[in-house]
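Grab a pencil and work through these short exercises with the structure open beside you. Try each task yourself before reading the solution.

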Amino acid sequence: MPKENAPTLTACEQKTLEPSWTAALATASGRRWLRRAVLPVLEGSRATALANLLLGFRDDFRCEQRDFSTRAVVERADQTTLAANLEWLAGSNAALALWERLAEEGITRLVSAALRALRRGDTRARELVLTVLVADPTREIVLPPWAERALLVIALTDRDEVVRGLAAETAAGRWPELLLPNWQHWTRDGSGRARRATWRLALRVDARARMQAAALTFAEEEPADVRADALWALGQVLATAQIAPILARVVQHPRPELAEAAAELLWARHRHPEPARAALASPHPRVREMGKRLLDPRHGSPAAGGSRPGMPFPWW
């Protein structure tokens with residue numbers, strides 16, 4: 001969050017504030033005292049004037065700094081000042097208080113503000129808007145379906161992979177029609193979270209998805225991370241005997257991202273002797289080590305062709 005200089009007090013504001021409050025504004029501990037002890041007991045224009053001034057110290061609202069006293073500032077500031085600070089407040093430690101206040105003022109005002117924050121806020125603000133208002137299953141503010149969908153439509157076009165991935169994951173669970181018409185595009189998205197969420201969805205509803213995942217795994221012109229996620233998708237739906245020949249090929253691929261992805265799938269989900277033996281010939285040390293461990297009779301995996309721990313070496 002950008003660092004801000006202390007706001008300049010107008011003559012009117014100087015008259016409104018007590019001398020001790022003016023001095024307290026100069027330090028972080030003093031401002032915390034104003035938020036915790038003074039602001040909650042003030043009323044009317046005095047509370048509004050102090051809250052508006054406290055909003056000028058953005059460092060007090062950093063999202064990584066938990067401080068529940070900032071909630072009082074958002075609750076007491078006037079609408080005009082709150083609107084002027086909307087984009088950065090949406091990414092602050094007072095974000096929930098902001099949306100709760102706007103919800104009290106009406107769903108239309110809340111949705112309008114959320115769309116504005118999604119379009120103009122920084123990455124942290126956009127992610128928090130999506131989390132607080134749409135993605136979090138324990139969220140306190142539940143939007144009507146039309147509003148939730150409107151926010152997701154904007155977030156799915158976000159330039160940031162984290163925001164876009166969160167939006168795609170949420171849409172896959174609650175608004176699949178936002179992804180399905182163009183799911184092949186989403187399986188090539190720059191966000192791994194978006195790719196995997198789309199694969200899980202497509203594999204459930206589209207019979208072509210398995211064939212597409214297999215083709216993408218071996219598409220040499222595609223980025224390695226896209227191909228690795230296509231292989232991961234196959235690993236979720238194919239039986240071990242079905243995917244074993246594919247893993248045996250990919251563990252020997254010259255790209256380490258792909259070979260290691262295949263080895264991890266072999267280790268975690270599909271232990272089979274064919275890819276385990278193929279891993280021994282991989283050009284990548286980490287993959288070869290996985291193959292050796294799976295086939296080692298001292299601590300290997302029987303499913304991958306090794307012996308149970310403690311069994312003697314085979315006489316052959």
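**Exercise 1. Follow one side chain**

Task: Find what the side chain of Arg-286 makes a polar contact with.

Solution: Keep in mind that you're looking at a predicted model.
- Step 1: Go to the side chain of Arg-286 and look for its polar partner, which is the side chain of Glu-264, 3.1 Å away.
- Step 2: Check that against the cut-off: a polar contact needs a pair of N or O atoms within 3.5 Å.
- Step 3: Place Arg-286 in the fold: this residue belongs to helix α20, residues 285-295.
- Step 4: List what Arg-286 touches, skipping residues up to four places away in sequence, and you get Glu-260 and Glu-264.
- Step 5: Look at the backbone too: the C-alpha atoms of Arg-286 and Ala-259 are 9.3 Å apart, with the two positions 27 residues apart in sequence numbering.

**Exercise 2. Sort the arginines**

Task: Decide whether Arg-195 is buried or exposed, then do the sorting for Arg-204, Arg-124 and Arg-286.

Solution: You need the cut-offs here: buried is under 20% relative accessible area, exposed is over 50%, and partly exposed is in between.
- Step 1: Arg-195 has 4% relative accessibility, so it's buried.
- Step 2: Arg-204 comes out at 59%, so this one is exposed.
- Step 3: Arg-124 has 35%, so call it partly exposed.
- Step 4: Arg-286 sits at 40%, so it's partly exposed.

**Exercise 3. Look around a buried arginine**

Task: Work out which backbone oxygen the side chain of Arg-195 reaches.

Solution:
- Step 1: Find Arg-195 in helix α14, which covers residues 192-205.
- Step 2: Follow the side chain to the backbone oxygen of Asp-189, at 2.6 Å.
- Step 3: Leave out residues up to four places away in sequence and see what else Arg-195 touches: Trp-186, Thr-187, Arg-188, Asp-189, Gly-190, Asp-225, Val-226 and Asp-229.
- Step 4: Now try Arg-204, also found in helix α14. A polar atom of its side chain lies 3.4 Å from the backbone oxygen of Arg-200.

**Exercise 4. Describe a helix pair**

Task: At what angle do the axes of helix α8 and helix α9 cross?

Solution:
- Step 1: Recall that a pair of packed helices is described by the angle and the distance between their axes.
- Step 2: For α8 (residues 95-104) and α9 (residues 107-120), the axes cross at roughly 145° and come within 7 Å.
- Step 3: Pick out the residues making the contact: Trp-99, Leu-102 and Ala-103 from α8, with Arg-109, Leu-110, Ala-113, Ala-114 and Ala-117 from α9.
- Step 4: Sort them by type, and you have seven nonpolar, no polar and one charged.

**Exercise 5. Explore the largest pocket**

Task: How many residues line the largest pocket?

Solution:
- Step 1: The lining has 20 residues, and Phe-68, Ser-92, Asn-93, Ala-95 and Leu-96 lie nearest the centre of the pocket.
- Step 2: Split the lining by type: nine nonpolar, four polar and seven charged.
- Step 3: Spot the helices: α5 (70-76), α8 and α10 (123-135) each supply at least two lining residues.
- Step 4: Add the volume, about 430 Å³.

**Exercise 6. Zoom out**

Task: How many helices and strands are there in the chain?

Solution:
- Step 1: Count 20 helices and zero strands.
- Step 2: Check burial: 49% of the 316 residues are buried.
- Step 3: Take contacts between residues at least 6 apart in sequence; 58% of them join residues at least 24 apart.

Conventions. Residues are numbered from 1 along each chain as its sequence is written. This is a predicted model: local features need pLDDT of at least 70, side-chain atom pairs count only at pLDDT 80 or more; totals for chains, interfaces and linings use all residues. Side-chain values use heavy atoms; hydrogens and water are left out. Axes are lines fitted to C-alpha atoms, for helices over the stretch in contact, and angles run from 0 to 180 degrees between N-to-C directions. Helices (H or I, at least four residues) and strands (E, at least two) are DSSP runs, numbered from the N terminus. Contact means heavy atoms within 4.5 Å. Ala, Val, Leu, Ile, Met, Phe, Trp, Tyr, Cys and Pro count as nonpolar, Asp, Glu, Lys and Arg as charged, and the others, Gly among them, as polar. Buried means under 20% relative accessible area, exposed over 50%, partly exposed in between (1.4 Å probe, protein chains only). A polar contact is a pair of N or O atoms within 3.5 Å; within protein, one must be able to donate a hydrogen and the other to accept it, and residues adjacent in sequence count only if both atoms are side-chain atoms. On a 1 Å grid over the protein atoms alone, a cavity is a set of points where a 1.4 Å probe fits but cannot get out, and a pocket is an open set with protein on both sides within 12 Å along at least five of seven lines; lining residues have an atom within 4 Å of a point. Grid points are joined across faces, edges and corners, and a volume is the space filled by probe spheres set on the points.
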